[in-house]
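Me: Please take a close look at one helix in this model and at what surrounds it. Keep it brisk.

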Amino acid sequence: MGPGVRMLLILSLALYVSSLVLGVIGINLHLSLSLTPALFRQGSYWQIGTYWLLPGSLMDWFFNALLVWALGRRLEAGWSTGQLLAYALIVALCAGLMALLLLGKSPWAFTGMTPVGYGLMMAWVRMYGDEEVLLMGCWPMTLRKLFLIMIGLGFLLVLLSGFSIATLLMQVASIFGGAAGWVYLSIRWRRNLKVAAQSLHSSRIRRLEP
């Protein structure tokens, strides 16, 4: 596990534990750090950068932490710690902006690393989407199909856990954040290809010079 993944998991868990401890003495850390559209529009602008680090529950932390650990460690090994953290922040900011747009002035709080989980899945599909895995050790399928199934299961869990328009809109915002990550990686990939092509062209010209 790289330092970036470790930092995300430890910081998220620490904030969750702190919210429980401070709640005992009457300090509502959840209200301060989660993204609440009504409070954001009143000046709590920092919430768009903090909401994704605060889990909504211990179960929320566990499942997202498992996803970040499973996918993030390999991505961090191929990128760098800074690139992984920058990518997670871009995904979270885009999901937060979409949540603000969809939720309007509602008092619902958007929180947790679900957008980052979707973003990491999109990165895996972008880089390793054609790799085959065995679902439950029996059914071969590509990672692209597996992650589509996981997104569908995410919507199903929202429906089964007590459907509300707000939770559905938060799920849509999270997926939008993941899609923004896909677009970001596509732009970066094309830029890297362009830089590599320019570097190759310059190298050939230098070899032709007397």
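Reply: Start with Leu-66, which lies in helix H5, residues 58-78. Helices here are DSSP runs of H or I with at least four residues, numbered from the N terminus. The model is predicted: local features need pLDDT of at least 70, side-chain atom pairs count only at pLDDT 80 or more, and totals for chains, interfaces and linings use all residues. Residues are numbered from 1 along each chain as its sequence is written, and side-chain values use heavy atoms, with hydrogens and water left out.

First, the length of H5. The expected span is 1.5 Å times one less than the number of residues. For the 21 residues of H5 that gives 30 Å, and the end C-alpha atoms are 30 Å apart, in agreement. H5 also bends, by about 35° at Gly-72. That bend is the angle between axes fitted to the seven residues ending there and the seven starting there.

Next, burial. Buried means under 20% relative accessible area, exposed over 50%, and partly exposed in between, with a 1.4 Å probe and protein chains only. The buried residues of H5 include Trp-61, Leu-67, Val-68, Leu-71 and Leu-75. Asp-60, Asn-64 and Glu-76 are also among them, as is Gly-72, the site of the bend.

Now the outward side chains. Leu-66 is partly exposed because its relative accessible area is 45%. Phe-62 is likewise partly exposed, at 44%. Phe-63 reaches 52%, so Phe-63 counts as exposed. Leu-66, Phe-62 and Phe-63 join Met-1, Met-59 and Trp-69 in a nonpolar surface patch of about 630 Å². Patch residues have over 30% relative accessible area and no salt bridge; nonpolar side chains (Val, Leu, Ile, Met, Phe, Trp, Tyr) are joined within 5 Å, like charges within 9 Å. A salt bridge puts a side-chain nitrogen of Lys or Arg within 4 Å of a carboxyl oxygen of Asp or Glu. Areas come from the Shrake-Rupley method with a 1.4 Å probe; for residues, only the protein chains shown count as cover.

Then the rings. Rings of Phe, Tyr and Trp (its six-membered ring) pair if their centres lie within 6.5 Å; planes under 30 degrees apart are stacked, over 60 edge-to-face, the rest tilted. The count comes to five aromatic pairs. Tyr-51 and Phe-110 are stacked, 4.9 Å centre to centre with 25° between the planes. Tyr-51 sits in the loop between H4 and H5, and Phe-110 in the loop between H6 and H7, 59 residues apart. Both are buried. Phe-62 and Phe-63 pair edge-to-face, at 5.5 Å and 75°.

Conventions
Helix = DSSP H or I, 4+ residues; strand = E, 2+ residues; numbered from the N terminus.
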